[in-house]
Amino acid sequence: PVTGLVRMSGTALGVFCRGSISTVTGTNIDNYSATLISGAEGAIEYTAVDIGQPLYCSNKGISLIDQTAAYGGFLGGRLSEAITPWLLPRVQRTRNPLPASGLIYPSTDSTFFGANVGVLFATVCRSKNQYRLYFEDGSCLTLTLQGAAREPAFTIQRYDKWSMTGAIGEDVKYANFLPLA
């Protein structure tokens, strides 16, 4: 299934699937063509975005697709290598056996790292050159591309997860509030 569509350079449209990435090029129905960029990796639902070039999150991390100079092809580059131990368990919906404190928790300890750790969606803040990835566990990973070289820098925040209870007329708490700005 298609997990995202993102504008690429020229007349190309990036088609992100769970297990592959392709481009569709052309200007009308008579000259459309599809090209496979990656048959080994795709994007998680709601994570493919345009920050001037396509950026997405897969089960292997956060990647950027750059256009190569030769023949207008595309080349992928992984941005999240520095935070792989923190990120991979969340994108793969697994438990993290090695917390930041260095203490080792058994992977069966459900109080340490619950089952709800998968990706919800990603947003872009173009004015700050940021990609924000929201997770079910209340974490938000912010990737900022800094300087002319667009070096990745990461911060981790928490967002409010409020629950909604009660019927109409009772006190109501806000449900699943996510700051999107």
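Phe 135 has a relative accessibility of 0% and therefore counts as buried. In this predicted model, Phe 135 is also one half of an aromatic pair, and its partner, Trp 86, is buried as well, with a relative accessible area of 18%.

A pair of aromatic rings is described by the distance of the centres and the angle of the planes. There are four aromatic pairs by the rule applied here. In one of them, the ring centres of Phe 16 and Tyr 56 lie 5.4 Å apart with 50 degrees between the planes, so this pair is tilted. Phe 16 belongs to strand E2 (residues 13-17) and Tyr 56 to strand E6 (residues 54-58), so their contact ties together parts of the chain that are 40 residues apart in sequence. Both Phe 16 and Tyr 56 are buried. Trp 86 and Phe 135 form a pair with another geometry, which is edge-to-face, at 5.5 Å from centre to centre and with 90 degrees between the planes. Because Trp 86 sits in helix H1 (residues 84-91) and Phe 135 in strand E10 (residues 130-135), this pair ties a helix to a strand across 49 residues of sequence. In addition, Phe 121, Tyr 134 and Tyr 159 form one aromatic cluster.

Charged side chains are the next topic. Side chains of opposite charge can pair when their charged atoms come close. How many salt bridges does a search of the whole structure find? The search finds three, and they are set out below with the distance from N to O.

| Salt bridge | N to O distance |
|---|---|
| Arg 7 and Asp 50 | 2.8 Å |
| Arg 78 and Glu 41 | 3.0 Å |
| Arg 90 and Asp 137 | 3.3 Å |

The side chains of Arg 7 and Asp 50 meet in a salt bridge. Arg 7 lies in strand E1 (residues 2-7) and Asp 50 in strand E5 (residues 49-50), so the pair ties together parts that are 43 residues apart in sequence. Is Arg 7 buried or exposed? Arg 7 is exposed, with a relative accessible area of 52%, whereas Asp 50 is buried, at 15%.

The salt bridge between Arg 78 and Glu 41 links distant parts of the chain, with Arg 78 in strand E8 (residues 74-78) and Glu 41 in the loop between strand E4 (33-38) and E5, 37 residues apart. Arg 78 is partly exposed, with a relative accessible area of 31%, while Glu 41 counts as buried because its relative accessibility is 11%.

In the salt bridge of Asp 137 with Arg 90, the partners again come from distant parts of the chain, since Asp 137 is in the loop between E10 and strand E11 (139-146) and Arg 90 is in helix H1, 47 residues apart. Asp 137 is buried, with a relative accessible area of 18%, and Arg 90 is buried too, with a value of 8%. Helix H1 thus holds Arg 90 as well as Trp 86 of the edge-to-face pair.

There is also a nonpolar patch on the surface, which is formed by Val 2, Leu 5 and Leu 13 and has about 270 Å² of accessible area together. Of these residues, Leu 13 has its place in strand E2, the strand that also holds Phe 16. Leu 13 is partly exposed, with a relative accessible area of 33%, whereas Phe 16 is buried.

Methods. Residues numbered from 1 in each chain as written. Predicted model: local features only at pLDDT ≥ 70, side-chain atom pairs only at ≥ 80, totals over all residues. Heavy atoms only, no water. Phe/Tyr/Trp six-rings, centres within 6.5 Å; stacked < 30°, edge-to-face > 60°. Helix = DSSP H or I, 4+ residues; strand = E, 2+ residues; numbered from the N terminus. Buried < 20%, exposed > 50% of the residue type's maximum accessible area, 1.4 Å probe, protein only. Salt bridge = Lys/Arg side-chain N within 4 Å of Asp/Glu carboxyl O. Patch = residues over 30% accessible without salt bridge, like charges linked within 9 Å, V, L, I, M, F, W, Y side chains within 5 Å. Areas by Shrake-Rupley, 256 points an atom, 1.4 Å probe, with all protein chains shown as cover.
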